[in-house]
Amino acid sequence: MTLLCFLLLLASPENERLLLGKSPFFRIEGMERARRAGDVALLQRAARSNHWDARRAAALALGSGTPVALLKDPVAVVRAAAIEALDTTAPEDALWLRTRDPDSAVRAAAAWALRDASRKSNLKRLLDDPVLDVRLAAMAAMGRRRELLRLARDKDLGTALGALAALGRCGDASAAGTLLRDLGKSIKSSSRKRMVFVDSTATADYARARAVGEMARRDVSVGGRSVARRLRKLVDGANLQGRAGIVLSEAVAAGRDAEAARRIVDAQVRARKQSTLPFHAINFVLRGGMHAFAREPWPELAPLLLPLLADRDVHVRRAVAEALHGDAARLALGDRDAPVRAIGCARIGKQAPLLAALRDPEPSVRVAAI
């Protein structure tokens with residue numbers, strides 16, 4: 001009976017019953033429907049909901065149209081979402097107030113949102129904040145790229161990764177040039193290694209790659225050439241069978257370069273047929289790239305990825321299923337491996353194929369479909 005009510009609600013065109021309902025699962029579905037339909041009035045109502053997750057979802061969906069009142073919401077994650085949604089359009093006085101917020105994520109979001117503030121020097125006090133992310137956000141907002149570059153080479157991995165993320169968000173041409181040189185050295189070193197090693201060095205390389213990708217997405221140029229073009233040159237010159245393939249996948253995914261992504265996947269698929277590497281090693285590289293591309297929909301990659309859903313390695317099929325979205329994920333629902341089918345349920349985003357998955361023999365797949 002509960003399942004029947006659930007399906008009736010999903011089938012209902014009344015997004016309001018979902019978004020303002022009692023179940024958080026319904027509210028998430030309702031928010032997605034309202035966002036796709038551009039139903040701003042309903043999202044504005046959700047921003048006044050008694051449920052904090054509905055208010056947070058509404059802020060993320062409304063963007064600059066988020067009610068300023070949510071900056072004072074009693075729940076920290078809602079305040080942080082409202083700051084990120086409003087960003088530099090939020091009232092400056094309200095943002096300064098949030099830099100003293102008891103929640104560190106809120107303070108960090110406020111610091112970054114104040115990057116164009118008229119009294120930006122007031123952010124100096126946040127440089128002594130006990131939480132690293134707040135200090136890094138303040139440095140990024142104040143344009144202290146030299147300090148961030150220094151911290152990006154810190155022996156403490158957590159400090160280095162945070163600094164690299166901050167640089168990707170705020171970096172200029174000089175910072176981009178330095179990170180590109182570092183990334184080029186990492187790629188050259190990784191290309192010489194025939195095997196893949198997962199260690200702290202690799203983690204830092206992935207973070208550096210994402211920072212470069214963020215700058216490519218923001219159209220940063222170095223010496224008259226865009227970071228995106230330089231990144232493609234690295235892709236074309238690297239041995240994509242080794243760790244360099246995963247590193248460059250992270251950069252290209254962050255940069256949202258569909259053509260470079262297609263080149264990487266195509267090269268790795270062809271390399272698997274000719275490689276002298278052990279089977280598990282080349283598959284590890286392919287899976288690492290898929291995890292990078294799974295963060296956002298890439299319809300351009302679907303023609304290359306769909307044949308891999310017939311691969312004998314179940315871990316490859318799971319990684320590929322994560323990187324597919326919409327109709328492209330339908331094929332995963334027929335896989336013999338239950339986790340692959342469950343991932344397909346999460347990625348397909350359409351009701352009709354999921355109704356059949358409700359009769360799957362594996363409970364995990366039925367749960368994913370629900």
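Helix α8, residues 104-113, has eight of its ten residues buried, so the helix is largely enclosed by the rest of the structure. These values come from a predicted model. The buried residues of α8 are Val106, Arg107, Trp112 and the alanines Ala108, Ala109, Ala110, Ala111 and Ala113. Among the elements that cover them are α6 (76-86), α7 (92-98), α9 (132-142) and α11 (157-170).

Helix α5, residues 52-62, also has buried residues. They are Asp53, Ala54, Arg55, Ala57, Ala58, Ala59 and Leu62. Just after α5 comes Gly63, with a positive phi of about 60°.

Further along the chain, helix α14 (residues 227-237) packs with helix α15 (residues 243-255), and the axis of α14 also comes within 10 Å of that of helix α16 (residues 258-274). Two packed helices are described by the angle between their axes and the distance between the axes. The table gives both values for each pair.

| Helix pair | Angle between axes | Distance between axes |
|---|---|---|
| α14 and α15 | about 155° | 11 Å |
| α14 and α16 | roughly 10° | within 10 Å |

With an angle of about 155° to α15, α14 is roughly antiparallel to that helix, since angles over 145 degrees count as such. The crossing of α14 with α15 is left-handed. On the α14 side the contact is formed by Leu231, Leu234 and Val235, and on the α15 side by Leu248, Ala251 and Val252. These residues of the contact comprise six nonpolar, no polar and no charged.

For α14 and α16, the crossing at roughly 10° makes the two helices roughly parallel, since the limit for that class is under 35 degrees. Arg232, Val235 and Asp236 of α14 meet Glu259, Ala260, Arg263 and Ile264 of α16. By class, this contact of α14 with α16 holds three nonpolar, no polar and four charged residues. Val235 of α14 takes part in the contact with α15 and in the contact with α16.

Leu248 of α15 links this region to the nonpolar interior. In nonpolar core terms, the largest one has 119 residues. Leu248 is listed among the residues with the most contacts inside that core, together with Leu148, Met290, Phe293 and Leu305. Leaving aside residues up to four places away in sequence, Leu248 touches Ile187, Leu231, Leu234, Val235, Ala238, Leu240 and Ile264. Of these, Leu231, Leu234 and Val235 belong to α14, and Ile264 belongs to α16. In soluble globular proteins, nonpolar side chains tend to be buried together.

Terms used. Residues numbered from 1 in each chain as written. Predicted model: local features only at pLDDT ≥ 70, side-chain atom pairs only at ≥ 80, totals over all residues. Heavy atoms only, no water. Axes fitted to C-alpha atoms, helices over the stretch in contact; angles between N-to-C directions. Helix = DSSP H or I, 4+ residues; strand = E, 2+ residues; numbered from the N terminus. Parallel < 35°, antiparallel > 145°, perpendicular 65-115°, else oblique. Left-handed = near helix turned anticlockwise from the far one by under 90°. Contact = heavy atoms within 4.5 Å. Nonpolar A, V, L, I, M, F, W, Y, C, P; charged D, E, K, R; others polar. Core = buried A, V, L, I, M, F, W, Y, C linked by side-chain atoms within 4.5 Å. Buried < 20%, exposed > 50% of the residue type's maximum accessible area, 1.4 Å probe, protein only.
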